[in-house]
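Me: I'm new to reading protein models and could use a hand. Can we go through this one feature by feature?

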Amino acid sequence: MKIVVVDDEALLVKGIRFNLQNEGYEVLTGSNGLEAVELARDPEVGLMILDVMMPEMDGLTACTKIREFSQVPIIMLTAKTEDMDKLMGFDHGADDYLTKPFNILELKARIRALLRRAGNQGREAQKRNYLTGGNIKLDLDARNAYKNGELADLTAKEFDVIEFLMRNPNRVYSREALLDTIWAYEYRSDIRTVDVHIRRLREKLEDRPAQPQHILTKWGVGYYFKS
């Protein structure tokens with residue numbers, strides 16, 4: 001398993017890396033928030049340790065950006081002891097907080113605890129059926145849709161449309177085909193029904209509805225979901 005350690009204190013990073021490598025972890029390191037965000041994109045990363053105060057991009061901002069695409073466990077390191085600072089870290093998506101200076105044994109214990117928790121959550125998630133594309137996630141069992149981790153309020157038919165498109169990514173469907181498949185000719189006389197549902201889905205699930213990234217139109221042909 002890979003663990004990412006990002007801090008602008010080189011000696012601290014070196015010490016943490018040495019201790020974690022002795023535990024059998026592969027350790028990736030960085031010195032600023034921008035590097036943290038890029039390192040987080042590695043799918044083999046199982047946990048991240050980020051300092052709060054870093055150059056170029058601070059740890060809180062990096063944590064927020066990482067949460068846009070990953071739920072990897074994150075431990076924040078800080079020299080501040082105020083409860084408000086810790087609460088800010090949790091609000092930005094951190095899972096745990098450790099105040100400098102700290103005992104390396106405590107850090108190891110917190111890492112083990114977070115990895116156990118993440119493993120349990122992963123096993124629980126595997127029991128459910130999900131579809132994921134970019135920042136959009138569907139819980140097929142509960143028929144819930146999420147945008148950036150936040151629940152989106154979809155109607156039953158809106159959910160049917162996005163589920164169908166996400167089950168068949170990058171395949172273009174005409175409005176007639178979508179009507180036949182999802183509405184079963186119920187609104188065969190009003191093809192604009194599809195356009196209305198696509199517009200509403202973009203408003204609810206796209207970050208920029210006017211410039212969608214996933215629910216796309218192939219002009220003159222139909223609609224498709226870009227994974």
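Me: Which residues of H7 meet which residues of H8?

Reply: When you look at two helices side by side, start by listing who touches whom. Keep in mind that this is a predicted model. Here Arg175, Leu178, Leu179 and Trp183 in H7 meet Thr193, Val194, Asp195 and His197 in H8. Sort the residues of that contact by type and you get four nonpolar, two polar and two charged.

Me: And at what angle do H7 and H8 pack?

Reply: Picture a line through each helix, then look at how the lines are set. Helix H7 covers residues 175–183, and its axis lies 9 Å from that of H8, at an angle of about 85 degrees. Angles of 65 to 115 degrees count as roughly perpendicular, so H7 is roughly perpendicular to H8.

Me: How do H6 and H8 cross?

Reply: Use the same trick with the lines. Helix H6 (residues 156–167) and helix H8 (residues 192–205) have axes that come within 10 Å and cross at roughly 85 degrees. That makes H6 roughly perpendicular to H8 as well. From H6, the contact uses Lys157, Glu158, Val161, Ile162 and Leu165, while H8 brings His197, Ile198, Arg200, Leu201, Lys204 and Leu205. By type, the contact of H6 with H8 has six nonpolar residues, one polar and four charged.

Me: His197 keeps turning up. Is histidine 197 buried or exposed?

Reply: For that, you check how much of a residue's surface is accessible, and under 20% counts as buried. Histidine 197, which sits in helix H8, has 11% relative accessibility, so it counts as buried. Leaving out residues up to four places away in sequence, histidine 197 touches Lys157, Glu158 and Trp183. Lys157 and Glu158 are in the H6 contact with H8, and Trp183 belongs to the H7 one.

Me: Which residues of helix H3 are buried?

Reply: With a single helix, list the buried residues, then see where they point. In H3, which runs over residues 59–66, the buried ones are Gly59, Leu60, Ala62, Cys63 and Ile66. They span an arc of only 160 degrees around the axis, so they lie on the same side of H3.

Me: What happens at the start of H3?

Reply: Check the side chains there for polar atoms that reach the backbone. A side-chain oxygen of aspartate 58 comes to within 2.9 Å of the backbone nitrogen of leucine 60.

Me: Now the backbone angles. Which residues have a positive phi without being glycine?

Reply: You read phi residue by residue and then ask where each one sits. Glutamate 56 has phi near 70 degrees and lies in the loop between strand S3 (45–51) and H3. With a relative accessible area of 63%, glutamate 56 is exposed. Asparagine 148 has phi near 55 degrees, and its place is the loop between strand S8 (144–147) and strand S9 (150–152). Asparagine 148 is partly exposed, at 34% relative accessible area.

Me: Where is the cis peptide bond that ends at proline 101?

Reply: Omega is the angle to look at for this one. The bond runs from lysine 100 to proline 101, with omega near -10 degrees. Proline 101 itself is in the loop between strand S5 (96–99) and helix H5 (104–126).

Me: Let's zoom out. How many helices and strands does the protein chain have?

Reply: Count the elements, then look at the totals. The chain has eight helices and eleven strands. Of its 227 residues, 42% are buried. Among contacts with a separation of 6 or more, 52% link residues 24 or more positions apart.

How values were computed
Residues numbered from 1 in each chain as written. Predicted model: local features only at pLDDT ≥ 70, side-chain atom pairs only at ≥ 80, totals over all residues. Heavy atoms only, no water. Buried < 20%, exposed > 50% of the residue type's maximum accessible area, 1.4 Å probe, protein only. Helix = DSSP H or I, 4+ residues; strand = E, 2+ residues; numbered from the N terminus. Arc of directions from axis to C-beta. Polar contact = N/O pair within 3.5 Å; in protein donor to acceptor, adjacent residues only side chain to side chain. Axes fitted to C-alpha atoms, helices over the stretch in contact; angles between N-to-C directions. Parallel < 35°, antiparallel > 145°, perpendicular 65-115°, else oblique. Contact = heavy atoms within 4.5 Å. Nonpolar A, V, L, I, M, F, W, Y, C, P; charged D, E, K, R; others polar.
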